[in-house]
Amino acid sequence: MTAPYILLLSLLGLMFNLALAGLVIQPDWAAALLLAAMLAQRGNWVWALPGFWAHDLVLHWSSLVCLPVAVLIPFFLAKADERLGPGLPQRILLMFAGLFPLLWFGWSFSQWLLTLMVCTCAWYFIVHPDVKPA
Amino acid sequence: MPQRRSPLRILSWLGLLLVLLVSIQQLPVGQQLNLGMAPLLTALQAPGRWWQEASLWLHERSQLQTDYQQATARLEKQSVLTQEVRSLREENRQLRALLDIQQITGYHWHAAKVQGRSPDKMSRRLILLVQNAAPDDVIVSSDGLVGLVDHSKPGSAVVRTILDAAIAVPVTMPDRVLAVLVRGQGDRLMVDFVPIENAPKPGSILQTSGAGGIFPAGIPVARITKVEPIPGQVFAKVDAEPVAHWQRESWLAIASATERSAQ
């Protein structure tokens, strides 16, 4: 049931990014939510990767921004979980790796930092859906 | 026992995906998606517009009267200036005819509202709310050249700014024999083919030369920031920044070639 909500919120995030860029500093909402979904549950890559593709096309007119790294995340996550056992360190590392291309493609450091924060919060709420935000 | 997938198979799938992505890269999918999202952006910005209209509606009457008087005074000054501009334009036309200089004609100018922009810090791409824009129409701000219309549909257009690597602008300097190209590098501009002995100084402004027929001549494009001679090479490494600032502009001008418009 998470997929439709995350995808809908990501679309809304893309619209916010386009409509309000230049007015306020905002994170990359869609990338943060999609990456959080993948980190929360490995199987979510099935719908998160097409989401990343749409994200790259809408915001950067290219398929090769976040998607190439995002494609590798489920693979590396599975390998790391197999070797080290399911855990946080590899996920945190992959979160940084997944959002790193944004810095390369012209996003400011403050936007990147905000994206990282949104991703962490979204990840927490996807893992614990029963927790209500304060 | 879960079946293990061979690394070769995974690599071949990844390779296939990469080929697919690179081939899709050539198609204007992102541009079409941006054009398709234009009505959604209008809807998203609606509360802001309503707020603006409501605050205008609730503006105090006395303030409105003062504004009206100021506007009337400004209009009078404006009409005097308009008259002056007309006579200067006529004088300019006659002088250009005498000196045999080409007029910047053949372009139809109109205004466009900025509806959205890419969220990178330099806003490399813009979405404009505009009627009758066509690909390759030139976008200009009050300071200088902004970019080119990439794709359009009735009511909106997507723009690549000069920071985009896909655009090269032929430029010159008014008082020099210099014909160079300005190319986007993402967050800055690079000036190609600048001979070392003829390199402009940092701070110089480059303007469109009109070569190629896409950009009207005489529009400021770039300010030189760094000139670095490379030993053993004919051309200097020249960095520049755009003269125009479109990151916060709400309105921009579009120059459509009249020949293209007629077609």
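**Figure 1. A:Lys79 sits in helix H4 of chain A.** This close-up, like the others here, comes from a predicted model. A:Lys79 counts as exposed because it has 11 C-beta neighbours inside 10 Å, and a residue with 12 or fewer falls in that class. For a sense of distance, try A:Leu57: A:Lys79 is 22 residues away from A:Leu57 in sequence, and their C-alpha atoms are 29 Å apart in space.

**Figure 2. Helix H1 of chain A, from end to end.** H1(A) has 19 residues, and at 1.5 Å a residue the expected span is 27 Å; the end C-alpha atoms are 26 Å apart, so the two values agree. Which residues of H1(A) are buried? They are A:Ile6, A:Ser10, A:Gly13, A:Leu14, A:Met15, A:Asn17, A:Leu18 and A:Ala19. These buried residues pack against H2 and H3 of chain A, and also against H2, strand S1 (107–117) and S2 of chain B. After H1(A) comes A:Gly22, with a positive phi near 95 degrees.

**Figure 3. H1(A) beside H3(A) within chain A.** The axes of H1(A) and H3(A) are 11 Å apart and meet at an angle of about 10 degrees. H1(A) is therefore roughly parallel to H3(A), as angles under 35 degrees are classed that way. On the H1(A) side you will find A:Ala3, A:Leu7, A:Ser10, A:Leu14 and A:Asn17, which meet A:Trp47, A:Gly51, A:His55, A:Val58 and A:Leu59 of H3(A). By class, this contact of H1(A) with H3(A) has 6 nonpolar and 4 polar residues, with no charged ones.

**Figure 4. H1(A) against helix H2 (residues 29–57) of chain B.** Here we step across to the partner chain. The packing angle between H1(A) and H2(B) is about 75 degrees, and their axes lie 10 Å apart. That angle makes H1(A) roughly perpendicular to H2(B), since the class covers 65 to 115 degrees. From H1(A), A:Met15, A:Leu18 and A:Ala19 meet B:Met37, B:Leu40, B:Leu41, B:Leu44 and B:Gln45 of H2(B). The contact of H1(A) with H2(B) comprises 7 nonpolar residues, 1 polar and no charged.

**Figure 5. Where chain A touches chain B.** How many residues does each chain bring to the contact? Chain A gives 21 residues and chain B gives 30 residues. On the chain A side, the elements contributing two or more residues are helix H1 (2–20), helix H3 (45–60) and helix H4 (67–84). That side of chain A divides into 13 nonpolar, 7 polar and 1 charged residues.

**Figure 6. Helix H2 (residues 29–40) and helix H6 (residues 109–127) of chain A.** These two helices pack at an angle of about 40 degrees, with axes 8 Å apart. H2(A) is therefore oblique to H6(A). The crossing of H2(A) past H6(A) is right-handed. H2(A) contributes A:Trp29, A:Ala31, A:Ala32, A:Leu33, A:Leu35, A:Ala36, A:Ala37, A:Leu39 and A:Ala40, while H6(A) contributes A:Thr115, A:Val118, A:Cys119, A:Ala122, A:Trp123, A:Ile126 and A:Val127. This contact of H2(A) with H6(A) counts 15 nonpolar residues and 1 polar residue, and no charged ones.

**Figure 7. Helix H1 (residues 7–25) of chain B.** Is this helix covered or bare? H1(B) is hardly covered, with 0 buried residues among its 19. Its length fits a simple estimate: at 1.5 Å a residue the 19 residues should span 27 Å, and the end C-alpha atoms are 27 Å apart, so the numbers agree.

**Figure 8. Two positive phi values in chain B, at B:Asp136 and B:Phe193.** B:Asp136 is not a glycine, yet its phi is positive at about 80 degrees. You can find B:Asp136 in the loop between strand S2 (125–130) and strand S3 (138–140) of chain B. B:Asp136 counts as partly exposed because it has 15 C-beta neighbours inside 10 Å. B:Phe193 belongs to strand S8 (residues 189–195) of chain B, and its phi is near 60 degrees. With 12 C-beta neighbours inside 10 Å, B:Phe193 counts as exposed.

**Figure 9. B:Pro174 in a loop of chain B.** The loop runs between strand S6 (168–172) and strand S7 (180–184). B:Pro174 has 9 C-beta neighbours inside 10 Å and so counts as exposed. B:Gln207 is 33 residues from B:Pro174 in sequence, while their C-alpha atoms are 7.6 Å apart in space.

Notes
Residues numbered from 1 in each chain as written. Chains lettered and ligands numbered in written order. Predicted model: local features only at pLDDT ≥ 70, side-chain atom pairs only at ≥ 80, totals over all residues. Axes fitted to C-alpha atoms, helices over the stretch in contact; angles between N-to-C directions. Helix = DSSP H or I, 4+ residues; strand = E, 2+ residues; numbered from the N terminus. Parallel < 35°, antiparallel > 145°, perpendicular 65-115°, else oblique. Left-handed = near helix turned anticlockwise from the far one by under 90°. Contact = placed C-beta atoms within 7 Å. Nonpolar A, V, L, I, M, F, W, Y, C, P; charged D, E, K, R; others polar. Expected span 1.5 Å × (residues − 1). Buried ≥ 20, exposed ≤ 12 C-beta atoms within 10 Å, placed from the backbone.
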